[in-house]
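Colleague: Could you walk me through this one? I'd like a close look at a single part, with a bit of context first.

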Amino acid sequence: MNQRKGKTKSGCGRKALAQAIGLACCMLGCGWTIAQDAPASSSTVGNVSSPAIRQRLQEQDTRIEAMRTQIDALQHQLAQQEADYKALRHAVGMDELARTRGGNIAAGGSMASALPMPGADASPDQQAAQQTPGTPSTPVGQAPPQNSRPPEVAPIFQQPGVLTPKNKLVIEPAYQFGYSTADRVALVGYTIIPAILIGLIDVREVRDTTQTAVLTARYGLTNRLELEVRVPYVDTHDDTVSRAVLTGSAEDNVFSSSGKGLGDIEATARYQINDGGADSAYYIGWFRFKSRTGEDPFQVVTDCVTRCVENLTGTGLPVQQPTGTGFYTLQPGVTWLLPSDPVVFFGNLSYLYNVERHNVYEHLVLGTEYLGNVKMGNEVDMSIGMGMALNDKASLSIGYDQTFIGTTYESGQKLPGSTKVWLGSLLIGGSYRFNEKRTLNFTLGVGVTRDTPDATVTVRMPMMY
């Protein structure tokens, strides 16, 4: 309200000053015209009117001097009011408020400025430069710096979308719990007609529980390139409920096996290919190498089916569960993120190649069996998801992951019982940021195909140093 009154008062003062200056200028012009016409008048009137003319000239000079004095006083008053007006705008922060709110200069009048208020310790020259609009050195605006980093979303896939900044180290401890069940029915015998079976029915129910503790380290070589090392520790337990084959037993037997130890260590390199933006996707290419440091399926002892003498049939199941896959793998892929306010779409596309193993032996209860060359089926993985920020700390993501696994070959021949497998998982994840260096991520995966684990829970906490 005080500011409005100040503006009204200043406007009225300016109007009065303008009228006074105009009147004075008009009177001064009239006096100058009369003075120029004085010689002509004196020659016409003659010597008789010379004292009257001189008296009129003296009176006009006196008026002109008075007007000049009045004009000087008015100009001084105008300069004082302009200085008071600038001081009042600076005191109330009108320029800074207009700049912060994005207001235009015209809204503040002819004396408005889009410059920020000078600091208390600013020099007089700096204050004058800031208060004088139109000078070449006066900045009128600066475009915000373009953000070349992809937006952060709650990660639900193994491959993250945001790279580690240059010379920064991220340590990410994680815990993963997986549970799956499967039923198997086998007919041991022969049928006369579809309704009559001669033999036994082998029914098995498998329950598998896997717990994995993972320590991941990521280091940013540049703002576009990072390296990652992933070290897992696996603890798995398997229970198989079945009845003995070729016997008349009506009781269910439980065959249990477990295994724990170091898993397969992985190394990954990621590179951000381009600078995306609003409605423009970011692309991140990556390459992963997986070793076979964990105990593989060919190293554990298997309860044989045909090779054991004392146990003619056996179960064909491993006595101890492996902690690794037993194959070196190479996996190139690409991750993309597309910001589309208020959500971010993202996805992965990768191809996993399992390196063939030569001269493989299977360990049985009473010896070993030569298998030859074993080629595990390759994998194609496709995933897509959508993330949304709930506030400045929490975000939510949902996605779907689809994996295709090819058949396995042994010594150039298709392994009996090996088929193509489709694995599908529905993923729901959330993220909560405690501060700039600590974030808690949670992911729930639900299997939607028969061969996919029923439930997978992953908790991760990346910490930046």
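To set the scene, what does the accessible surface of the protein chain come to, and what share of that belongs to carbon and sulfur atoms? Then please zoom in on the open sheet with the order β7-β10-β11-β14-β15.

Modeller: Sure, and keep in mind that this is a predicted model. The accessible surface of the protein chain is about 28300 Å², with 59% of that belonging to carbon and sulfur atoms. The chain has 465 residues, and 32% of them count as buried. Its secondary structure amounts to 4 helices and 19 strands. Looking at contacts with a separation of 6 or more, 62% are between residues 24 or more positions apart.

Now to your sheet. Five strands make it up, running β7-β10-β11-β14-β15, and the pairing is mixed. The edges are taken by β7 (301–302) and β15 (413–414); each has a single partner strand, so one side of each is left without a neighbour in the sheet. At the β15 end, the partner is β14 (residues 409–410), and the two pair in the antiparallel sense over 2 bridges. One residue pair to pick out there is Tyr409, whose bridge partner in β15 is Lys414.

While you have the model open, have a look at another strand too: β5 (residues 266–272), where you'll find Arg270. Arg270 is buried, at a relative accessible area of 1%. Its side chain makes a polar contact of 2.8 Å with the side chain of Glu226, and the side chains of Arg270 and Glu228 are joined by another polar contact, of 3.2 Å.

Terms used: Residues numbered from 1 in each chain as written. Predicted model: local features only at pLDDT ≥ 70, side-chain atom pairs only at ≥ 80, totals over all residues. Heavy atoms only, no water. Pairing = 2+ DSSP bridges. Buried < 20%, exposed > 50% of the residue type's maximum accessible area, 1.4 Å probe, protein only. Contact = heavy atoms within 4.5 Å. Areas by Shrake-Rupley, 256 points an atom, 1.4 Å probe, with all protein chains shown as cover. Polar contact = N/O pair within 3.5 Å; in protein donor to acceptor, adjacent residues only side chain to side chain.
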